[in-house]
Amino acid sequence: MTQITPPRLRLRRPDDWHLHLRDGAMLDATAPYSAGFGRALVMPNLVPPVTTSAAAAAYRERILAALPKGAAMQPQMTLYLTEGTDPADVTAGHADGIVRAVKLYPAGATTNSASGVRDFDKVRPVLEAMAAAGVPLCVHGEVTDPAVDIFDREAVFLDRVLEPVRRATPGLRVVLEHVTTREGVDYVRSGGPDLAGTITVHHLAINRNAMLAGGIRPHYYCLPILKREVHREALIEAATGGETQFFLGTDSAPHPDHAKQSACGCAGCFTAPITMPLLAELFERADALPRLEGFASLHGAAFYGLPPAEDHITLVRRGEPLVPPGRIDAGEETVTVFDPGFPIHWHHEEA
Ligand SMILES: NC(=O)N[C@@H](CC(=O)O)C(=O)O
Ligand SMILES: [Zn+2]
Ligand SMILES: [Zn+2]
C-alpha cells in the first residue's frame with residue numbers, strides 16, 4: 001500500500017467477508033452499495049435459508065443480476081448449516097467453486113436463524129467432512145440460553161460451544177464472525193492458523209451508550225449487541241494492529257425501516273454505503289492508516305486461500321464531511337443508512 005502525501009490513501013480493492021444482500025427488491029436496492037468490494041461473502045439467512053449448493057448457485061445468479069454493469073464484486077456463497085445438511089453436497093459445492101464457506105447459526109440466535117443448529121452432535125459428520133476438505137465454518141458466536149445475559153452471550157459461546165466443537169473436529173477452519181468482545185479478540189488471537197475473526201465497522205465505531213443513552217436508537221440495534229467501551233477498544237486494537245487473523249466483515253444487514261422502528265425492532269445495521277470512508281476515519285484516529293489495507297484487503301483473502309486483489313481504490317480526506325444518503329428506497333420500503341453520529345472526512349475518490 002502506498003500512502004501518497006496525505007490526504008490520499010490507495011489500497012488494494014477491499015473484500016467484505018460478511019454481508020447480507022437479502023433477495024428481491026431489497027437485493028436490487030442494496031447490492032449496488034457493495035458493488036465496489038472485490039470478494040463479498042454473502043450470508044445465507046434468507047427466508048427460506050440457502051441450504052444447498054443448487055440454491056446457492058441460483059442465489060448467486062440473482063445477485064449478479066442485481067449488480068450494476070461492470071461491478072467489481074465477485075459474490076462468494078455460503079450454505080446455511082442445518083441438522084439436515086448433506087456433507088456430500090457441501091464438499092461437492094466447494095469443489096465446484098460454488099460454496100466458499102458454511103454458516104453456523106445457533107437456532108434462535110439472530111435474524112432468520114430458526115432453522116439453525118440445536119444439537120451439535122447432529123452436524124458432526126458435516127463438520128468432519130468440512131475439516132477434511134478445507135471448507136471454513138463461519139460462526140454466529142452467541143449462545144441462545146435465555147438464562148445468559150445478552151451482553152455475555154458471545155463470551156459464554158466461546159467456552160460452551162466453540163471450544164468443544166473445535167476440539168472435537170481437529171483441522172476445522174473457523175471464522176468467528178462479528179467479534180464484539182475482548183474475550184472474543186483474545187480467543188481468536190490464541191487460536192492458531194485455523195481460526196480467524198471478522199470485525200464490523202459499527203462495532204468499531206460506537207459502543208452501547210450510543211444505542212441506549214439519551215434515547216433508544218433502533219438503527220444501532222444489531223446482534224451481537226453493541227458492548228461497553230473497553231470491548232470497542234479491544235476491537236480497535238485488533239483491527240488496526242496488523243494482526244492477520246482479523247479482517248473486515250461488515251455484517252451490513254438491511255431491514256425495512258418499519259421492521260426496525262417498531263415495538264419489537266429487528267437486529268441489523270445497514271453500513272454498506274459508508275463502510276470504507278468510516279473505516280478510514282477510525283484507522284486515522286488510531287494512527288493506523290497504513291494498516292487499513294491489511295485489514296480490509298489482504299488478511300481475509302489470505303485466510304480463504306485467495307490472491308489479493310490486483311486493482312486498487314483510492315480514498316481521499318476532504319475538509320467537508322461525507323454526506324451519505326440518510327435512507328434509501330427498496331421497492332415499497334425504505335432502509336436507513338448507518339450514521340455513526342460523528343463526521344466522516346474520508347470519501348471514495350471518483351474514478
Ligand atoms: N447482525 C444482525 O444484527 N443481523 C443479521 C444477522 C446476523 O448477522 O446475526 C441480519 O441478517 O439481519
Ligand atoms: Zn450473526
Ligand atoms: Zn450477519
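Start by selecting D251, which is found in the loop between β9 (246–248) and α10 (257–260). You are looking at a predicted model, so please read every position on this tour as computed. The UniProt record, an unreviewed entry, places the feature "active site" at D251. Is D251 buried or exposed? D251 is buried, because 27 other C-beta atoms lie within 10 Å and the cut-off for buried is 20 or more. Now add H18, H178 and T200 to your selection: D251 touches these residues, leaving out those up to four places away in sequence.

**Next stop: H178**

Keep H178 selected and drop the others. H178 lies in the loop between β7 (174–176) and α6. Check the backbone here: H178 has a positive phi of about 35°, although it is not a glycine. H178 counts as buried because it has 28 other C-beta atoms within 10 Å.

**Ligand 1**

Now click on ligand 1 and bring up its surroundings. Which residues are around ligand 1? They are H20, N45, T110, T111, H140, C222, L223, D251, A253, A267 and G268. You will recognise D251 from the opening stop; D251 is one of the residues around ligand 1. If you colour this shell by class, you should get four nonpolar, six polar and one charged residue.

**Two cis peptide bonds**

Stay with L223 from that shell and show its backbone. A cis peptide bond joins L223 and P224, with omega at about -10°. P224 sits in the loop between α8 (208–212) and α9. Then jump to V47 and P48, which are also joined by a cis peptide bond, here with an omega of about -5°. P48 is in the loop between β3 (39–42) and α2.

**Helix α3**

Select residues 87–95 to highlight helix α3. Within α3, V90, G93 and H94 are buried. Look down the axis of α3: these residues cover an arc of only 100° around it, so they are on the same side of the helix. Turn to the other side of α3 and you will find A88 and A95, which are exposed. What do the buried residues of α3 pack against? Show α2 (53–66), β4 (74–80), β5 (99–104) and α4 (124–133), and you have their packing partners. Before leaving, step just past the end of α3 to G97, which takes a positive phi of about 80°.

**A pair of helices: α5 and α6**

Select residues 153–168 for helix α5 and residues 182–189 for helix α6. The two helices pack at an angle of about 35°, and their axes are 8 Å apart. To see the contact itself, show E154, A155 and L158 on α5, together with E183, G184 and Y187 on α6. By class, this contact has three nonpolar, one polar and two charged residues.

**H299 in helix α12**

Move on to H299, which lies in helix α12 (residues 292–303). H299 counts as buried because it has 25 C-beta neighbours inside 10 Å. Which residues is H299 in contact with, leaving aside its neighbours within four places in sequence? Display T244, F246, F247 and G294 to see these contacts. For a distance to try in your viewer, pick the C-alpha atoms of H299 and L248: they are 8.5 Å apart in space, while the two residues are 51 residues apart in sequence.

**Two further residues: D287 and E233**

Select D287, in the loop between α11 (275–285) and α12. D287 is not a glycine, yet it has a positive phi of about 55°. D287 is exposed, since it has 9 other C-beta atoms within 10 Å. Then go to E233 in helix α9 (residues 229–240). E233 is partly exposed, because 15 other C-beta atoms lie within 10 Å. Pick A280 as well: E233 and A280 are 47 residues apart along the chain, and 16 Å separates their C-alpha atoms.

**Zooming out**

To finish, colour residues 16–307, the stretch covered by the UniProt annotation "domain: Amidohydrolase-related", which comes from an unreviewed entry. Over residues 16–307 the chain is 39% helix and 12% strand. Select the C-alpha atoms at the two ends of this stretch, and you will find them 15 Å apart.

Note on methods
Residues numbered from 1 in each chain as written. Chains lettered and ligands numbered in written order. Predicted model: local features only at pLDDT ≥ 70, side-chain atom pairs only at ≥ 80, totals over all residues. UniProt positions renumbered as here; feature names shortened; annotations may be inferred. Helix = DSSP H or I, 4+ residues; strand = E, 2+ residues; numbered from the N terminus. Buried ≥ 20, exposed ≤ 12 C-beta atoms within 10 Å, placed from the backbone. Contact = placed C-beta atoms within 7 Å. Axes fitted to C-alpha atoms, helices over the stretch in contact; angles between N-to-C directions. Nonpolar A, V, L, I, M, F, W, Y, C, P; charged D, E, K, R; others polar. Arc of directions from axis to C-beta. Near = placed C-beta within 6 Å.
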